[in-house]
Amino acid sequence: MVTVLYPGTFDPITNGHTDIIVRATKLFKRVIVAIAANPGKSPVFSLEQRVRLAQTILGDLTQVEVVQFSELLSKFARSMEAKVIIRGLRAVSDFDYEFQLAGMNRRLAPELETVFLTPAEQYTFLSSSVVREVAALGGDVSAFVHPVVKTALSERFSKNI
Ligand code: ADP
């Protein structure tokens, strides 16, 4: 059984991420959504919150497990015995960074393959950072995130007012 990892910051998880996860479950039996601590990105939500939101949203998908990690991705993938890393590609703008990352991971762990999936068209413009910006300025994010994430964003940004 091939175990695949879908790593990311998920700050917060969006419908674009979920779209990629559902696509991955159609290709692989076990999909591990691996949420990176990623302090370098100064996430708006704590690691625990990001994990809890993803667990709530993905709870019905029996093939999916949500975990957190803070070590190097290639090391973590080895420890989980994952052979494949899933990443999402929205547009050409993602390509440079994702290509570099895939190349570096291949140098560090040659047995690991990176597989890119593209989301449904309506999610190609969607990113966690845009969702955070819209929510912070009081915009409606209902079309982009699960209702529990919408509530979490409202609570998080009401503290700024
Ligand atoms: P990271 O900090 O690792 O980029 P993200 O949570 O922003 O973490 O993204 C994780 C992965 O999901 C990346 O491969 C990113 O390109 C992909 N992704 C993010 N948003 C979308 C989306 N709307 N559609 C498809 N893939 C996406």
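Tutor: Two strands pair if DSSP finds at least two bridges between them. Keep that rule in mind for this predicted model.

Student: How do you know that β2 and β3 pair?

Tutor: Count the bridges. Strand β2, residues 30–36, and strand β3, residues 64–69, share six. The rule asks for at least two, so β2 and β3 count as a pair. They run in the parallel sense.

Student: Which residue in β3 is the bridge partner of alanine 36?

Tutor: Phenylalanine 69.

Student: What makes β4 and β5 a pair?

Tutor: The rule again. Five bridges join β4 to β5, residues 113–117, and at least two are needed, so these strands pair too. Their sense is parallel. Glycine 88 stands opposite leucine 117 of β5.

Student: Which helix belongs with β2 and β3 in a β-α-β unit?

Tutor: Helix α2, residues 47–58. The unit is right-handed.

Student: Why is it called right-handed?

Tutor: Point the strands away from you. The path from β2 over α2 to β3 then runs clockwise, which means right-handed. β4, α4 and β5 also make a right-handed β-α-β unit.

Student: What makes the approach of tyrosine 6 to the ligand a polar contact?

Tutor: Distance and atom type. A polar side-chain atom of tyrosine 6 lies 2.7 Å from a ligand oxygen. The cut-off is 3.5 Å between N or O atoms, so this is a polar contact.

Student: How far from a ligand oxygen are the polar side-chain atoms of histidine 17 and lysine 41?

Tutor: For histidine 17 the distance is 3.0 Å. For an N or O atom in the side chain of lysine 41 it is 2.5 Å. Both values are within 3.5 Å, so both are polar contacts. Tyr6 and Lys41 are also among the residues that come nearest to the ligand, out of 18 around it.

Student: How much space lies in the largest pocket?

Tutor: About 960 Å³. It has 40 lining residues, and Pro7, Gly8, Thr9, Lys41 and Arg87 are the closest to its centre. Helix α4 gives the largest share of the lining, eight residues.

Student: How many lining residues are nonpolar, polar and charged?

Tutor: There are 18 nonpolar, 14 polar and eight charged. Gly counts as polar and Pro as nonpolar, so Gly8 falls in the polar class and Pro7 in the nonpolar one.

Student: What is omega for the cis peptide bond between aspartate 11 and proline 12?

Tutor: About 0°. Proline 12 sits in the loop between β1 and α1.

Student: What is notable about the phi of phenylalanine 10?

Tutor: Its sign. Phi is positive, about 50°, although phenylalanine 10 is not a glycine. Phenylalanine 10 lies in the loop between β1 and α1.

Technical notes: Residues numbered from 1 in each chain as written. Predicted model: local features only at pLDDT ≥ 70, side-chain atom pairs only at ≥ 80, totals over all residues. Heavy atoms only, no water. 1 Å grid on protein atoms, 1.4 Å probe; cavity = no way out; pocket = protein on both sides within 12 Å on 5 of 7 lines; lining within 4 Å. Points joined across faces, edges and corners; volume = space filled by probe spheres on them. Helix = DSSP H or I, 4+ residues; strand = E, 2+ residues; numbered from the N terminus. Near = heavy atom within 4 Å. Polar contact = N/O pair within 3.5 Å; in protein donor to acceptor, adjacent residues only side chain to side chain.
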